[in-house]
Amino acid sequence: MLYHPPRYRVMGDRSLLVELGDHIGLDVNTRVRELAAALELNPPEGLVDVVPAYASLLLIFDPLRIDLRTLQKEIAHTLVTLDPSRLPEPKILEIPVVYGNEYGPDLEWVARYHHLTPREVVSHHTAHVYHVYMIGFIPGFPYMGELPKILVTPRRETPRTQVPKGSVGLAQAQTGIYPNPSPGGWQIIGRTPVKLFDALKTPPALLEMGDRVRFYAIEEEEWERWAS
Amino acid sequence: MGIIKTLEILAPGPLTTVQDLGRFGFGRFGVPQSGAADPFSLRIGNILVGNPENAAALELTFMGPKIRILENSVIAITGADLQPAVDGESIPMWQSRLMKTGNILSFKGRGTGCRAYLSVSGGISVPIVMGSRSTNLTARFGGLDGRPLAKGDVLCTESPTTLPKREKTAFDSEMIPVYSAEQRLRIIPGPQNDHFPDMSWRRFLNSLFTVTPDSNRAGARLSGPSVWAGKELDASILSEGVVPGAIQVPGDAQPIILLGEAVTGGYRKIATVISADLHLAGQLTPGDIVQFKEVTMKRAGVLRREMEELIARFRMEAAF
């Protein structure tokens, strides 16, 4: 459900969680994106960072410059004056992936789990356009969804201590990409040569919340061409 | 004006990184704030050497590094007492000190706490990335090439804009934080304290927790009695933004105090360390015992303002 008005939860004395709903869905996520955009355009005094997520925004503020009650009032005001028409258009990106083998060490397992062939898993994964719900966990990591029901897969029982950069994974109804090597528990079905995070670029992340992504399969031989 | 080669790393120690007060405004790209795990010590260290409080310094861990001084400069070491020495002779913490070219700065080891800050007049000069000089080790940017310092690294400082007026400035010893091996941290309940049954909440407040060895700059991991969220609930919730000090409880019911390298999380947070105690959380060391004490939002505000007043007073004194 959507929360009208939002639910507020404090996270210590310098951050406020604004919950706009209780589920993973385009309705609530779009509202999160609208509020994030409005706050970026017109930030309340003392707001130092905003972390938008599936159904909530975390507002990190300087308690010496603004108090909780004033911030909450400003958020309530911003919410009633939201103007969705001012939202920037989401990007639509096509992302090449080498599926299987050492690029996607869990592809076989995922296929067996769903009684599919690896090739069928790839064709399901590439058949859908995914919505970027949020960027989190590590810099530039997109949480995307939703996977077709036939690909909904539990996380690995034992997380890997190191997942290679560019790995494309599945976890429940979500699909994501590791922009940098990291420990991780997602089922890795492939890897992309595309760079997802570059600290020296503006913006630093290739994907932003609200963007749309479609994956397509490339051959191992094509990796080098993409990587350069 | 310009930059000067000031420090040469002879031995890096277990983990030495460049940190300032952190990186803000990039949460929507999944970028955590990073920065000094003990921001209070960094701020005092910078004041001691005449820098802005947000200047970059070195965060030293456990045994600390060994460093050759390449240029006369004023330094200060704050935070955990790693027992600094110049050319083998012990020097006090929390004091500014003029270092001469060729001096060797080393550390003998620690008492309590695990992180010290080496501030140098002018501040460590590395490129500003997304508004900060702090090192992000996950995505490997900021600081010196996004990595921990290594043997042979040479660090530059900006030429100082102001020099400490007195030859020696010291932080009042009575005001130095106590990094106890039995640390009490003050918390505000939430954001998801209401997801936990009363019994778990009482256990959380009435138990002693031990800091485990797998702790790092992303979080201080605790072991103790089970802080269980109840059978009917999944271990995880929808991922949401987090701040340093948030205490998350994953499926194994063992709390983790998040520090500066975390940006989002999918576990319930039973409580959050108040900002006036965050520097103490940043000094937690494996084996330390932690106990939590609940305070009101109002009290947290008073404590934070007291801390800011203390820092502001010292800044005035040091400028004389």
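Helices, of at least four residues, and strands, of at least two, are DSSP runs that are numbered from the N terminus. With that in mind, select A:Glu146, which lies in the loop between strand E7 (142-145) and strand E8 (160-163) of chain A. The model on screen is a predicted one, and in it a cis peptide bond joins A:Gly145 and A:Glu146, with omega at about -10°.

**Other backbone features of chain A**

Move next to A:Pro203, found in the loop between strand E12 (187-191) and strand E13 (212-217) of chain A, where a cis peptide bond links this proline to A:Thr202 and omega is about -5°.

Then select A:His115, whose place is in the loop between helix H3 (107-113) and helix H4 (118-126) of chain A. A:His115 is not a glycine, although its phi is positive, at about 55°, and with a relative accessibility of 74% the residue counts as exposed.

A:Gln172 is the next stop, in the loop between strand E9 (167-171) and strand E10 (174-177) of chain A. Phi of A:Gln172 is near 50°, again a positive value in a residue other than glycine, while its relative accessible area of 40% makes A:Gln172 partly exposed.

**A hairpin in chain A**

Select residues 47-52 of chain A, which form strand E3, and show residues 56-61, strand E4, beside them; the two strands run antiparallel and are joined by five bridges. The connection from E3(A) to E4(A) is a hairpin of three residues. Within the pair, look for A:Val50, which stands opposite A:Leu59 in E4(A). If the rest of the structure is now displayed, E3(A) is seen to be largely enclosed by it, because five of the six residues of this strand are buried.

**The five-stranded sheet of chain B**

Turn to chain B and colour the open sheet whose five strands follow the order E2-E3-E10-E5-E8, with antiparallel pairing. Strand E2 (17-19) and strand E8 (96-99) of chain B stand at the edges, each with a single partner strand, so one side of each has no neighbour in the sheet. On average, and with direction ignored, neighbouring strands of this sheet are turned by 35° against each other.

Inside the sheet, select strand E3 (residues 57-61) and strand E10 (residues 115-120) of chain B, which run antiparallel and are joined by four bridges; here B:Leu60 stands opposite B:Ala116 in E10(B). Helix H1 of chain B packs on the sheet, touching E2, E3, strand E5 (73-79), E8 and E10 of chain B, and its direction makes about 155° with that of E5(B).

**Helix H1 of chain B and its partner helix**

Keep H1(B) selected: nine of its ten residues are buried, so this helix is largely enclosed by the rest of the structure. Among the buried residues are B:Phe40, B:Leu42, B:Gly45 and B:Asn46. After the helix comes B:Gly50, with a positive phi near 80°.

Now add helix H4 (residues 297-319) of chain B, which packs with H1(B) at an angle of about 15°, the two axes lying 9 Å apart. H1(B) and H4(B) are therefore roughly parallel to each other, and their crossing is right-handed. To see where the helices meet, show B:Phe40, B:Arg43, B:Ile44, B:Ile47 and B:Leu48 on H1(B) together with B:Met307, B:Glu308, B:Leu310, B:Ile311, B:Phe314, B:Arg315 and B:Ala318 on H4(B). By class, this contact has nine nonpolar and three charged residues, and no polar ones.

**Two arginines of chain B**

Is B:Arg43, in helix H1 (residues 39-48) of chain B, buried or exposed? B:Arg43 is buried, its relative accessible area being 14%, which falls under the 20% cut-off for that class. Neighbours within four places in sequence aside, B:Arg43 is in contact with B:Leu21, B:Glu53, B:Glu308 and B:Ile311.

Finish at B:Arg184, placed in strand E13 (residues 182-189) of chain B. With a relative accessible area of 41%, B:Arg184 is partly exposed. Residues up to four places away in sequence not counted, B:Arg184 touches B:Asp277, B:Leu280, B:Gln291 and B:Lys293. Draw a line from B:Arg184 to B:Lys293, C-alpha to C-alpha: the two residues are 6.9 Å apart in space and 109 residues apart in sequence.

Key
Residues numbered from 1 in each chain as written. Chains lettered and ligands numbered in written order. Predicted model: local features only at pLDDT ≥ 70, side-chain atom pairs only at ≥ 80, totals over all residues. Heavy atoms only, no water. Buried < 20%, exposed > 50% of the residue type's maximum accessible area, 1.4 Å probe, protein only. Pairing = 2+ DSSP bridges. Contact = heavy atoms within 4.5 Å. Axes fitted to C-alpha atoms, helices over the stretch in contact; angles between N-to-C directions. Parallel < 35°, antiparallel > 145°, perpendicular 65-115°, else oblique. Left-handed = near helix turned anticlockwise from the far one by under 90°. Nonpolar A, V, L, I, M, F, W, Y, C, P; charged D, E, K, R; others polar.
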